[in-house]
Amino acid sequence: MPYTAATQDQLLAIRVNAGIEELAQSEKFAAAEPDMVEAIVEGIGQFAAGEWAPLNRQGDLEGAKLENGVVRLPEGFAQGYHAYVEQGWNAISGPTEFGGQGLPFTLSCNVLENLGTANMAFNLLPMLSVGAIEALEHHGSKELQDKYLPRLVSGEWSGTMNLTEPQAGSDVGALRSTAVPIEDGEHAGKYRIKGQKIYITWGEHELSGNIIHLVLARLPDAPEGSRGISLFIVPKYHVKADGSLGPKNDLRCVSIEHKLGINASPTCVMSYGDNGDCIGELVGAPNRGLAAMFTMMNNARINVGNQGVQIGERATQQALEYARDRVQSARAGSPDRAPVAIIEHPDVRRMLLRMKALTEGARALLYYTAGQVDRGTLGNAEAAARGEVLTPLIKAWGTDAGIEVASLGVQIHGGMGFIEETGAAQHWRDSRIAPIYEGTNGIQAADLVTRKLGMDDGQAMMALIADIASGAAKEPALHALASECATIAEWMRSEASLDDRLAGSVPFCTMLAVATAGWQLVLQLRAIEAGTAPALAIAKKASVRFFLDRIVPEAIGLRAGAMAGGAGLYEISTEQLLG
């Protein structure tokens with residue numbers, strides 16, 4: 001099916017939800033003027049549709065392959081990546097002192113949205129590089145920044161994050177990789193890294209000139225648990241003093257995983273120091289690696305939420321095309337018994353509008369979150385706190401919405417959706433990893449009801465809910481949802497045990513995310529009624545009303561689960577549960 005960038009809806013969300021014009025009034029983001037913003041959104045949309053989208057199906061069918069220690073990608077991927085670098089898309093929000101354009105994170109999100117909608121598996125490569133840049137910008141020494149950031153920012157080199165080990169998944173503190181200081185010789189002051197990491201996305205490939213691995217490991221005599229983790233740069237190729245590449249480091253890709261989806265993204269098992277000569281450089285302070293890595297992970301969580309928008313948009317476009325062209329059965333109750341396109345049948349129309357409403361709601365939440373992050377970058381502490389509260393919402397609910405939309409896309413195709421040739425199944429398969437990435441959605445919900453609930457003595461979350469309620473004054477269902485969110489938040493803070501909070505965390509996370517997305521969609525609708533984006537007026541009114549009248553009331557119904565408490569989960573023992 002053809003793919004067309006959702007440029008107009010993206011521009012609407014960037015203007016209304018992110019507030020790009022307000023951001024451009026700052027000195028730091030002054031270049032983000034309307035003409036520049038439109039040129040970027042239109043340009044990356046055209047690039048993604050023309051260069052990366054045609055590789056999506058081929059990438060799914062052929063996948064990445066490990067041959068003699070080298071990861072091979074299908075034909076066209078190398079050219080597609082080089083074109084991406086040459087046109088400067090990787091540098092959009094990179095620091096200007098290292099060759100970046102210094103534009104808002106909001107626009108970096110838009111680049112990733114378009115690339116990921118065109119080709120989700122391929123888009124994971126630049127997404128991880130953005131995170132590596134973020135970590136080094138905030139925690140790397142000037143020497144490390146000068147050495148690595150210019151080529152990471154340009155995209156000439158790519159980046160990865162290495163956390164997970166076979167025995168240490170979500171419990172990162174259980175990792176066993178080691179880093180031993182080197183006291184003499186050419187690598188004096190650096191560290192010998194040894195260990196194995198799993199699930200390393202784009203851990204090995206030939207598309208970029210070097211791969212800069214960010215690796216968590218333990219120093220000798222480091223404290224147990226997460227307090228004893230340090231972060232190291234481990235390049236695929238050593239970098240000489242003049243910036244040129246030296247010999248290959250002692251690291252290798254042992255294997256690549258055979259996955260449910262994202263087949264063109266090599267998910268690698270990486271081994272460091274098999275020969276005792278893997279060299280790494282410390283990033284930040286010893287035993288403070290997790291803090292540095294979480295800088296990388298925080299925006300990565302927003303970018304994973306973006307993946308829900310991406311796959312939702314692609315699945316929705318394909319479902320709309322199929323429903324328009326597939327003719328079957330007469331419209332129920334119609335005196336004309338001639339068969340009609342299935343888009344005319346009520347239940348298919350319901351599914352299509354649901355796909356559209358969920359995707360646009362997730363997009364509105366995405367750009368609202370990105371705009372708050374940008375304001376935090378400008379020094380607005382209140383916006384920074386709100387961005388932290390919003391991050392688990394877009395990551396968890398955004399990716400859950402992506403799965404639902406992709407699944408509905410399969411349903412609309414009927415039996416043909418279950419047949420691989422149509423491509424509808426690929427969207428669902430690709431979507432399924434996103435709720436697992438960067439801390440599972442259960443972990444995001446747990447973060448929401450523990451750390452985020454308590455931020456600023458609860459004021460960060462309660463201020464968000466109050467703003468939603470104020471903005472929903474003329475929308476009774478949305479106002480009621482905001483009121484329920486306030487009630488649950490207060491109960492969790494004042495009465496609920498930790499088990500109670502965690503047991504209700506996922507439904508509460510969904511409720512708050514739907515409330516925030518609904519509020520942001522209302523703002524879009526008001527902007528359209530005031531004359532913004534007239535081309536979207538009719539369709540936007542329909543999708544927003546569907547969201548407010550059907551999806552919001554569903555979320556209100558989650559209150560019982562959010563406040564059910566934890567006791568009922570343990571009324572039977574583990575042995576009894578196992579049968």
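Trainee: By class, how many residues of each kind are in the lining of the largest cavity?
Mentor: Quick heads-up: this is a predicted model, where local features need pLDDT of at least 70 and side-chain atom pairs count only at pLDDT 80 or more, while totals for chains, interfaces and linings use all residues. Residues are numbered from 1 along each chain as its sequence is written, and side-chain values use heavy atoms, leaving out hydrogens and water. We count Ala, Val, Leu, Ile, Met, Phe, Trp, Tyr, Cys and Pro as nonpolar, Asp, Glu, Lys and Arg as charged, and the others, Gly among them, as polar. Sorted like that, the lining comes out as seven nonpolar, three polar and no charged residues.

Trainee: How much space lies in that largest cavity?
Mentor: A cavity is a set of points, on a 1 Å grid over the protein atoms alone, where a 1.4 Å probe fits but cannot get out; lining residues have an atom within 4 Å of a point. Points are joined across faces, edges and corners, and the volume is the space filled by probe spheres set on them. A search of the whole structure turns up three cavities of 30 Å³ or more. The largest holds about 60 Å³.

Trainee: Which helix gives the largest share of its lining?
Mentor: The lining includes Trp-89, Ser-108, Val-111 and Leu-112. Helices are DSSP runs (H or I, at least four residues), numbered from the N terminus. With three residues, the largest share comes from residues 105-118, helix α6.

Trainee: And which element gives the most to the lining of the second largest cavity?
Mentor: That cavity has a volume of about 40 Å³, and its lining includes Gly-116, Ile-311, Arg-314, His-427 and Asp-430. Two or more residues each come from α6, α9 (289-325) and α12 (424-431). The one giving the most, with three residues, is α6.

Trainee: How many of the eight residues of α12 are buried?
Mentor: Buried means under 20% relative accessible area, exposed over 50%, and partly exposed in between (1.4 Å probe, protein chains only). Among the buried ones are His-427 and Asp-430, and the buried residues pack against α4 (56-62), α7 (120-139), α9 and α11. The helix is largely enclosed by the rest of the structure, because the number of its eight residues that are buried is seven.

Trainee: What does Asp-400 count as at 35% relative accessibility?
Mentor: Asp-400 sits in helix α11 (residues 381-412). Setting aside neighbours within four places in sequence, Asp-400 is in contact (heavy atoms within 4.5 Å) with Pro-435 and Asn-441. Asp-400 and Pro-435 are 35 residues apart in sequence, yet 6.6 Å apart in space, C-alpha to C-alpha. At 35%, Asp-400 counts as partly exposed.

Trainee: Which helix gives the most to the largest nonpolar core?
Mentor: A nonpolar core is a set of buried Ala, Val, Leu, Ile, Met, Phe, Trp, Tyr and Cys residues joined through side-chain atoms within 4.5 Å. The largest has 145 residues, and Trp-397, Phe-508 and Leu-512 touch the most other members. With 14 residues, the top giver is residues 346-377, helix α10.

Trainee: Which residue in β9 stands opposite Tyr-237?
Mentor: Strands are DSSP runs too (E, at least two residues), and two of them pair if DSSP finds at least two bridges between them. Strands β8 (residues 237-239) and β9 (residues 245-248) pair in the antiparallel sense over two bridges. They form a hairpin with five residues between them, and Gly-243 in the turn has a positive phi of about 90°. Opposite Tyr-237 stands Lys-248.

How values were computed. On a 1 Å grid over the protein atoms alone, a cavity is a set of points where a 1.4 Å probe fits but cannot get out, and a pocket is an open set with protein on both sides within 12 Å along at least five of seven lines; lining residues have an atom within 4 Å of a point.
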